[in-house]
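Visitor: I have a model open and would like to learn how to read it feature by feature. Can we start with how helices pack?

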Amino acid sequence: MKETKYKNKEEEILLKDAMYAADSGTSAVKTSVTNSIVVPFAAAMNTPNEFIPFLTSVPPLLGSFIQLFSPDLLNIVKNRKTIIVVSAFLDAIVWIPIMLIPFIWKWNYFLLLNLLIIQAMALAFLSPFYNSYLGDVIPQEKRGKVLGKINRTSGTVSFIATTNGTPTS
């Protein structure tokens with residue numbers, strides 16, 4: 001007989017629900033803080049005013065464009081979980097060089113733009129595969145309730161992070 005660490009299927013679903021909500025919450029914090037801190041960070045690096053709109057518009061534009069190639073990536077890699085893990089890792093690890101730019105590559109706002117593009121592309125690849133993976137993992141009869149909790153958590157945390165993390169002058 002196969003032993004499980006859960007008492008029943010309902011407990012397993014509830015624990016996974018909490019994990020997905022926590023993941024959604026941390027992702028919302030990262031996104032909110034990122035969106036509110038890029039412009040002040042670039043300004044602190046003495047980025048020309050003409051270049052700042054590129055920092056806020058080009059990464060999401062290219063990230064959205066790269067999503068068109070998600071099916072091709074899946075045909076090459078053949079495993080959604082691998083794409084999710086690699087994309088999430090790349091999304092997180094790219095912040096190390098971004099934080100080091102002012103210390104190592106002084107005033108290099110072109111490097112900042114390229115790193116933000118890489119981060120946006122990683123996130124763009126991550127999203128469709130993660131959402132479809134959730135659809136496979138969460139049972140059909142629980143999907144609405146679980147995804148509703150995830151979206152509520154994400155929205156609440158995003159609102160709190162945006163209002164508390166936005167720099168004021």
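Guide: Sure. Two packed helices are described by the angle between their axes and the distance between the axes. In this predicted model, take α2 and α6: their axes come within 8 Å and cross at roughly 35 degrees.

Visitor: What is the handedness of the crossing where α2 passes α6?

Guide: The crossing is right-handed.

Visitor: And which residues make the contact?

Guide: On the α2 side you'll find F54, L55, V58, P59, P60, L62, G63 and I66. Facing them from α6 are Y109, L112, L113, L116, I117, A120, M121, A124 and F125. Click on L113 for a closer look: setting aside neighbours within four places in sequence, L113 is in contact with F51, F54, L55, V58 and P59.

Visitor: Next, cores. What's the general idea?

Guide: In soluble globular proteins, nonpolar side chains tend to be buried together. Here, the largest nonpolar core has 17 residues, and L55, I98, L112, L113 and L116 are those with the most contacts inside it. At least two residues of this core come from each of α1, α2, α5 and α6.

Visitor: Which helix gives the largest share of this core?

Guide: That would be α6, with six residues. There's also a second, separate core of seven residues, including I83, I84, A124 and L126.

Visitor: Now the rings. How do I read an aromatic pair?

Guide: A pair of aromatic rings is described by the distance of the centres and the angle of the planes. The structure holds five aromatic pairs. One of them is F51 with F110, 4.9 Å centre to centre and with 70 degrees between the planes, an edge-to-face arrangement. This pair links distant parts of the chain: F51 sits in the loop between α1 and α2, F110 in helix α6, 59 residues apart.

Visitor: Why is the pair of Y109 and F110 called tilted?

Guide: The planes are at 35 degrees, with the ring centres 5.1 Å apart. Planes under 30 degrees apart would count as stacked and those over 60 as edge-to-face, so an angle in between is tilted. Ring pairs join F51, F54, Y109 and F110 into a cluster.

Visitor: Are F51 and Y109 buried or exposed?

Guide: F51 is buried at 11% relative accessibility, and Y109 is buried too, at 19%. The cut-off for buried is under 20%.

Visitor: What about a polar side chain? Is D91 buried or exposed?

Guide: D91, in helix α4, counts as buried because its relative accessibility is 5%. Its side chain makes a polar contact with the side chain of Q119, at 2.6 Å. Not counting residues up to four places away in sequence, D91 touches K30, Q119, A122 and L123.

Visitor: Last one: backbone angles. Where should I look for a positive phi outside glycine?

Guide: Try N46 and K78. Phi of N46 is near 60 degrees, and this residue lies in the loop between α1 and α2. For K78, phi is positive at about 70 degrees, and K78 is in the loop between α3 and α4.

Visitor: Are those two buried or exposed?

Guide: Exposed: N46 has 54% relative accessibility and K78 has a relative accessible area of 65%. For another exposed residue, try N35 in helix α1, at 60% relative accessibility. N35 and T56 are 21 residues apart in sequence, with 8.0 Å from C-alpha to C-alpha.

Conventions:
Residues numbered from 1 in each chain as written. Predicted model: local features only at pLDDT ≥ 70, side-chain atom pairs only at ≥ 80, totals over all residues. Heavy atoms only, no water. Phe/Tyr/Trp six-rings, centres within 6.5 Å; stacked < 30°, edge-to-face > 60°. Helix = DSSP H or I, 4+ residues; strand = E, 2+ residues; numbered from the N terminus. Buried < 20%, exposed > 50% of the residue type's maximum accessible area, 1.4 Å probe, protein only. Core = buried A, V, L, I, M, F, W, Y, C linked by side-chain atoms within 4.5 Å. Contact = heavy atoms within 4.5 Å. Polar contact = N/O pair within 3.5 Å; in protein donor to acceptor, adjacent residues only side chain to side chain. Axes fitted to C-alpha atoms, helices over the stretch in contact; angles between N-to-C directions. Left-handed = near helix turned anticlockwise from the far one by under 90°.
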